[in-house]
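Welcome! Let us take a walk through this structure together, one stop at a time.

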Amino acid sequence: MKLQTQTIKKVRSVRVKAIEMHTNKQLAIVGLYNGYLQTWNPIKCSLINETQVTEFPIRTLALIEKNNTVLIGADDGRIYVYELNNLQKLNVFDAHEDFIRKIIVNSANTEFLSCSDDSTIKLWEIGPAIKNKHVFSGHTHFVMDICYNPKNSKQFISCSLDGTIKLWDKESGLCIKTFKGHKSGINTLSFCKDDTYFVSGSDDLTVKVWDLNNGNCISTFKGHTNNIINVYVFTKLPFIVSCSEDGSYRLWDMNTYENKEIINLNSGRVWQFKENNGNIMIGTDEELIFNKVKTGLSLLTMKNNKLFFTVQNMIYSCRCDDLYNLKKIAELGFYPSSLSVSDNSKTIAVCDDNNFYVHSSLGFRKKINGIGTNLHFVSNENFLIARDGNIEFFEKYERTNAFKVGNLKSILCVNKYIYVQTTHNIVVYTLNGNKIYTFNFIANKMIANDKFLIFVKEKEIFVWEFNGEIIDAYLEQDLDIDDTGIPDSFKFINNFDAKVNTFCLNENLFVFESEGRGFYLILQETPYLYNFGTVNGLIGGMFENHLLIINHKKVNAIKLDFDFINFQIKVLNNDKTDIKEGFRIRAISFFESLNMYNDALNICTSDSQKFEILIKLGRLQEAYEMSNTSLMYDRVGNEYLKCKDLVNATECFYKSKNWKSLLFVDLLCNKKYLKEIAENAIKEGENNLAFIACMKSEDYVKSGELLKNTKFYNFFKQTYLN
């Protein structure tokens, strides 16, 4: 399998010696040969901030993510500590007597190691003050790189220009094992994914893979024409990367140890390669390069009660009644762009960017390969593809005929119709190539069955109803069809604001996942969208009222409540239906969403729900009679206020003891509660409120008492009390 990448951006730069990417944030740190430190957004490829740390070259960086800080190692032998957000210097200290080549932080963010051209490795404790805990000596030349053992945090490995790799015990400070095999100095190390093996790169122009346990070199990669200065192992993909002073980086298959690709950057020496979640950053003498991994799409389909799906370049299947018995069908040499399975599930087809491959699902035996994409099965042995603006038909794996479509982008074949998306519209054809309808827009996804057609744009769903009888009548009578298509063959029903990731269409139920939430759309004359809960994975299909969910290589089933769904359908069709206790609360909410408040009220058993519905119906007197808390009286009072019914609002606020609201409405109404408002406001320490109430009731004596010991009292006394 080749690693498919896309170059997003190249930025001219001073020599890039160090790159670190934050594991949880869209943040990358870059150290330059001129002593500058930069922060970048690796997704947007945009510079966030920069500052000059030192006049000396920066060779290494290490993130302490827990503290939101970065450690910086430079050629002056000092380690600088900077805060990440604003790049403010927090600390600096002398660490080594020569260039600092590497700093690594342990997974717990409690300590770090540094190595140097002074031939030593040092262990440091992270705390309010950084303390040196130990110095490891044993190498006889520059120590170029160090790595913690991922399986044993008490151990680490180091490499040196003395041509050796050493395994160290951190607690005793002793070298446990020395690895020999390179013919020259060793510049770089990295552990492999299984943590049993590690990789090294050397000035002898080779990359070696080592067994940590027995010390043996198990493979040697050759091909670079100059010193290898960095090796990197992908965390999720089976690749090793080697960077060289020959101006290239090479990709090696971690399973077969074959060289898969050579990438010449023509940008000087390649110093750094880092990747996180598919975002790649490469540092060279002249550029900072941003690449993106083209990861395999998660492709899913269900046929003949079997579920088929891809994970990266792997194809898996399982029976819908035996989800835990997952079978690996094939490992492809590419990431497939589409997956299609015949109705009897005996034949499976995948496509890459330019070719199609048809195999048996049992044994994955080749049936036919060819140039073309967007393969769709018409029957068990017949299929069609898109190729060079043509739709080509194959019967029993032999090409039979084709018809031309201008500006073709993608196709969908359902039953006896082909939906063709071009650069500017969507055209519907019969299998004979007869054009029957044109939609003057394009979509991200097209989904169809024999009754409904769904177009998905960025965050919108458009539902159309399909009338096959009208189309069949036109075709049987051989009537002329103009560019707009057959009238009334498609009828727009409705559109909804929603983003669709994975989905399945089952008769009149369109089920989809959107950003972790599960929805179903009931398809009929008046469609209805309903959120049924969370979905932790990808929707693969539906089997016996269960939704099949794929999460990496695990398949789970979520039961959909079809009693409730059928109830909803009947309500939408104005049919009589019974309420089951299992979904009574959901039924109330459903009625409310349709503004059917009287129906919701009729099935309520909870007083609090009845109260809320009475409010929505505007039956405020009934809501008032049900009220038994200050919050309920207050709620009714506010509703009366909206209706400008001040008399009833006054009584509600009096019951709720909301003295502020009561004062407002009582002043506008009959002023019957001013005295009580004043008395209760005084008890609750609301003297300003009490003062207003006293003044409005012309109780100046009480008002004066409230002003005693204030600068206003004498003025008030002269004006109102003399």
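Asp561 caps the N-terminal end of helix H2, with a side-chain oxygen placed 3.2 Å from the backbone nitrogen of Asp563. Keep in mind as you look that this is a predicted model. The helix that begins here, H2, covers residues 562-572 and is mostly covered, since 8 of its 11 residues are buried. You can pick them out by name: Phe562, Phe564, Ile565, Phe567, Gln568, Ile569, Val571 and Leu572. What do the buried residues of H2 pack against? Their partners are four strands, S50 (509-514), S51 (517-522), S52 (528-534) and S53 (538-543), together with helix H3 (584-593). After H2 comes Asn574, which has a positive phi, near 60°.

Now step back to see how the protein is divided. Domain 1 takes in 5-293, domain 2 300-559, domain 3 561-598, domain 4 606-670 and domain 5 677-721. If you take the centres over C-alpha atoms, domain 2 and domain 5 are 77 Å apart.

Next, please find Thr120, which sits in strand S12 (residues 120-125). Is Thr120 buried or exposed? Its relative accessibility is 13%, and because buried means under 20%, Thr120 counts as buried. The side chain of Thr120 makes a polar contact with the side chain of Asp118 at 2.7 Å, and another with the side chain of His96 at 3.3 Å. Setting aside neighbours within four places in sequence, Thr120 is in contact with several residues, including His96, Ser114, Cys115, Val135 and Phe136. Ser137 and Val143 are also among the contacts of Thr120.

Our next stop is Tyr624, in helix H6 (residues 620-626). Which residues does Tyr624 touch, not counting those up to four places away in sequence? They are Tyr633, Val636, Glu651, Cys652 and Lys655. Tyr624 can also be compared with Gly637: the two are 13 residues apart in sequence, and their C-alpha atoms are 8.6 Å apart in space.

Let us finish at the surface. Tyr720 belongs to helix H13 (residues 713-721). With a relative accessible area of 38%, Tyr720 is partly exposed, because that label applies between 20% and 50%. Tyr720 joins Val701 and Leu721 in a nonpolar patch on the surface, and together these residues have about 260 Å² of accessible area.

Conventions: Residues numbered from 1 in each chain as written. Predicted model: local features only at pLDDT ≥ 70, side-chain atom pairs only at ≥ 80, totals over all residues. Heavy atoms only, no water. Patch = residues over 30% accessible without salt bridge, like charges linked within 9 Å, V, L, I, M, F, W, Y side chains within 5 Å. Areas by Shrake-Rupley, 256 points an atom, 1.4 Å probe, with all protein chains shown as cover. Salt bridge = Lys/Arg side-chain N within 4 Å of Asp/Glu carboxyl O. Helix = DSSP H or I, 4+ residues; strand = E, 2+ residues; numbered from the N terminus. Buried < 20%, exposed > 50% of the residue type's maximum accessible area, 1.4 Å probe, protein only. Polar contact = N/O pair within 3.5 Å; in protein donor to acceptor, adjacent residues only side chain to side chain. Contact = heavy atoms within 4.5 Å. Domains from an automatic or database assignment.
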